[in-house]
Amino acid sequence: MASFKEVAQACKLVDLGCTGYLFTWSNRRFGPYLVEERLDRFLCSRDWVTKFYDNAATNLLTVSSDHYPVLMEV
């Protein structure tokens with residue numbers, strides 16, 4: 001994961017962030033065995049953010065998969 005972050009920084013990519021549910025993956029267990037992570041992200045250049053400033057990445061919920069869908073609206 002560290003090398004991914006290094007490459008994203010070297011390419012000057014920024015994480016657009018998200019709204020909605022905080023996580024994009026779950027091991028689908030309960031109680032103390034539940035693990036959730038934010039694995040999926042939208043990365044882009046600062047120029048893209050400037051041109052498409054009214055963008056929104058929204059994490060959605062699902063019951064049929066361990067990955068939650070992410071919706072990008074531009």
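1. A residue counts as partly exposed when its relative accessible area falls between the buried limit, under 20%, and the exposed limit, over 50%. Arg 41 has a relative accessible area of 40%, so this residue is partly exposed. The model is a predicted one. The points below start from Arg 41 and its partners.

2. The salt bridges deserve a look early on. The structure holds 2 of them. One joins the side chains of Asp 15 and Arg 41, with an N to O distance of 2.7 Å. This pair links distant parts of the chain. Asp 15 sits in strand β1, Arg 41 in the loop between β4 and β5, and 26 residues separate them.

3. Arg 38 also pairs with Asp 15. Their side chains meet in a salt bridge at 3.1 Å, N to O. Here too the pair links distant parts of the chain. Arg 38 lies in the loop between β4 (36-37) and β5 (43-45), Asp 15 lies in strand β1, and the two are 23 residues apart.

4. What do these contacts add up to? Asp 15, Arg 38 and Arg 41 are joined into one network by salt bridges that share partners. Asp 15 has a relative accessible area of 33%, so it counts as partly exposed. In general terms, side chains of opposite charge can pair when their charged atoms come close.

5. Next, the largest pocket. Its space comes to about 200 Å³. The elements that contribute two or more residues to its lining are α1 and β1 (13-15). Helix α1 gives the largest share, 4 residues.

6. Which residues lie nearest the centre of the largest pocket? They are Phe 4, Lys 5, Ala 8, Arg 41 and Leu 43, out of 10 lining residues. Arg 41 therefore appears both in this group and in the salt bridge with Asp 15, and it is partly exposed at 40%. By class, the lining divides into 6 nonpolar, 1 polar and 3 charged residues.

7. Phe 4 and Leu 43 turn up again at the surface. Together with Leu 13 they make a nonpolar patch of about 240 Å². Phe 4 is placed in helix α1 (residues 2-10). Its relative accessibility is 46%, so Phe 4 counts as partly exposed.

8. Two backbone angles should be checked by eye. Lys 12 is not a glycine, yet its phi is positive, about 60°. Lys 12 is in the loop between α1 and β1. With a relative accessible area of 65%, Lys 12 is exposed.

9. Arg 28 is the other case. Its phi is near 60°, a positive value in a residue other than glycine. Arg 28 belongs to the loop between β3 (25-26) and β4. Arg 28 is partly exposed, at 44% relative accessibility.

10. Is Asn 59 buried or exposed? Asn 59 is buried, because its relative accessible area of 4% is under the 20% limit. Asn 59 is placed in strand β6 (residues 56-59). Leu 71 is 12 residues away from Asn 59 in sequence, and the C-alpha to C-alpha distance between the two is 6.4 Å.

Key:
Residues numbered from 1 in each chain as written. Predicted model: local features only at pLDDT ≥ 70, side-chain atom pairs only at ≥ 80, totals over all residues. Heavy atoms only, no water. Patch = residues over 30% accessible without salt bridge, like charges linked within 9 Å, V, L, I, M, F, W, Y side chains within 5 Å. Areas by Shrake-Rupley, 256 points an atom, 1.4 Å probe, with all protein chains shown as cover. Salt bridge = Lys/Arg side-chain N within 4 Å of Asp/Glu carboxyl O. Buried < 20%, exposed > 50% of the residue type's maximum accessible area, 1.4 Å probe, protein only. 1 Å grid on protein atoms, 1.4 Å probe; cavity = no way out; pocket = protein on both sides within 12 Å on 5 of 7 lines; lining within 4 Å. Points joined across faces, edges and corners; volume = space filled by probe spheres on them. Nonpolar A, V, L, I, M, F, W, Y, C, P; charged D, E, K, R; others polar.
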